Amino acid sequence: MASHRRPKQTSRARVTVLTTAAAAAVVLSSQAANAAPSEKPSKDEVKTKVDKLYEEAEQATEKYNGAKEKQEKLQKEISTIQDNVARGQEELNELRDSIGMAAAAQYRTGSIDSSLQLFLSSDPDDYLDKASTADQLSAQQVEALKKIQEKQRELAQERSEASGKLTDLASTRTELGKKKKEVQAKLAEAQKLLNSLTAAEKAALAAADARASRSSTTRVDLSGAPAGSSRAMAAFQAAQSKIGSPYVYGATGPSSFDCSGLTSWAYAQAGVGIPRTSQAQANAGTRIYSQSDLQVGDLVIFYGDLHHVGFYAGNGQVLHAPRTGTVVRYESINNMPFQFGVRI
């Protein structure tokens, strides 16, 4: 008789696992279907990020300016030292020639002494230290040999100094290259963000910038504003003549400027030399910590790391080169974190 077996039933545990997995899959697929796509930054968010990148680029720009100024200074110092070494070598050669001529004269008469023979074949330092040899020399010969010794020491010292400065110059050039790349990277990142905007959004930002530039390049009323010294006013007026000129990092005029490039150029027009960077300009005169004590033509330093500088223009305004994408213009002193003024 055939046996009849009941079909094997799926265990309750397995059914539960499969059901749970299926439910999870449904939930996940539903979430994926309903999830909002990552939102594109708004025009205002892009502007905020771009402004931040421009500020970081300006920080790097002032460091770039400092490295560039150091490079130029080192190049001048090295050139001066090399010129001194060349002249010193000529003088040394002349001194040696004079001793050589004296030796030749003695040789022709058959009376060359052992001291000159020693000089012609070895270091004069060696035999001048020997009293017995020095006694055989004339006073004129001793003086000439001492001059040679002194000139040799000077040349050795200057060559050593030049070598040290050349090493420093190589390091400075490396730093300059890094800072330049840092500035360019910040500006490229800002441009990439701007490129992500629609044509309409770009046009709106451009229009806003244009309005800001037009409204802030109008000469402010200085009546009643405390005027600075004659040279400070001359510098300020030179800066005024550049209103509307574009901001370009590393530029010192006369057609484009960065912030410290404008102030250093303007003071140069007034016959006053001030340092190149905003941080150095912060230490170039008397600090004025109260805005109410500022005079027209005073430098005004902004941000905790002192990376921005402009001119006080009176009536709560500054005249400055703000950042990439803007022009030399007036702006409220309260638009940036004021640190102090500097009276040159």
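Here are a few short exercises, each with a worked solution, on the predicted model above.

Before you start, note that residues are numbered from 1 along each chain as its sequence is written, and that side-chain values use heavy atoms, with hydrogens and water left out. In this predicted model, local features need pLDDT of at least 70 and side-chain atom pairs count only at pLDDT 80 or more, while totals for chains, interfaces and linings use all residues.

**Exercise 1. Find the helices that hold Ala 235 and Ala 280, and work out whether each residue is buried, partly exposed or exposed.**

Step 1: look up the helices. Helices (H or I, at least four residues) and strands (E, at least two) are DSSP runs, numbered from the N terminus. Ala 235 sits in helix α8, residues 230-240, and Ala 280 in helix α10, residues 278-281.

Step 2: apply the cut-offs. Buried means under 20% relative accessible area, exposed over 50%, and partly exposed in between (1.4 Å probe, protein chains only). Ala 235 has 0% relative accessibility, so it's buried. Ala 280 has 25%, so it counts as partly exposed.

Step 3: check who is around. Skip the neighbours within four places in sequence, and Ala 235 is in contact (heavy atoms within 4.5 Å) with Ala 266, Tyr 267, Ala 270 and Phe 311.

**Exercise 2. Classify the ring pair of Phe 236 and Phe 311, and say which parts it ties together.**

Step 1: get the rule. Rings of Phe, Tyr and Trp (its six-membered ring) pair if their centres lie within 6.5 Å; planes under 30 degrees apart count as stacked, over 60 as edge-to-face and the rest as tilted. By this rule there are six aromatic pairs.

Step 2: use it. The ring centres of Phe 236 and Phe 311 are 6.3 Å apart and the planes meet at 70°, so this pair is edge-to-face.

Step 3: place the partners. Phe 236 belongs to helix α8 and Phe 311 to strand β3 (residues 308-314), so the pair ties together parts 75 residues apart in sequence. Both Phe 236 and Phe 311 are buried. Ring pairs also link Phe 236, Tyr 267 and Phe 311 into a cluster.

**Exercise 3. Describe how β3 pairs with β2 and with β4.**

Step 1: recall that two strands pair if DSSP finds at least two bridges between them.

Step 2: take β2 (residues 299-302). It pairs with β3 in the antiparallel sense over four bridges, and Leu 299 has Phe 311 as its bridge partner in β3. Five residues lie between the two strands of this hairpin, and Tyr 303 in the turn has a positive phi of about 70°.

Step 3: take β4 (residues 317-320). Here the pairing with β3 is antiparallel over three bridges, and Tyr 312 has Val 318 as its bridge partner in β4. This hairpin has two residues between the strands, and Asn 315 takes a positive phi near 55°.

Step 4: ask how enclosed β3 is. Seven of its seven residues are buried, so β3 is largely enclosed by the rest of the structure.

**Exercise 4. Which helix gives the most residues to the lining of the largest cavity?**

Step 1: list the lining, whose residues have an atom within 4 Å of a cavity point. The residues are Tyr 54, Ala 57, Glu 58, Thr 61, Val 183, Leu 187, Tyr 247, Tyr 249 and Thr 324.

Step 2: sort by helix. α2 (43-109) and α6 (139-195) each supply at least two of the lining residues. The top contributor is α2, with four residues.

Note on methods. On a 1 Å grid over the protein atoms alone, a cavity is a set of points where a 1.4 Å probe fits but cannot get out, and a pocket is an open set with protein on both sides within 12 Å along at least five of seven lines; lining residues have an atom within 4 Å of a point.
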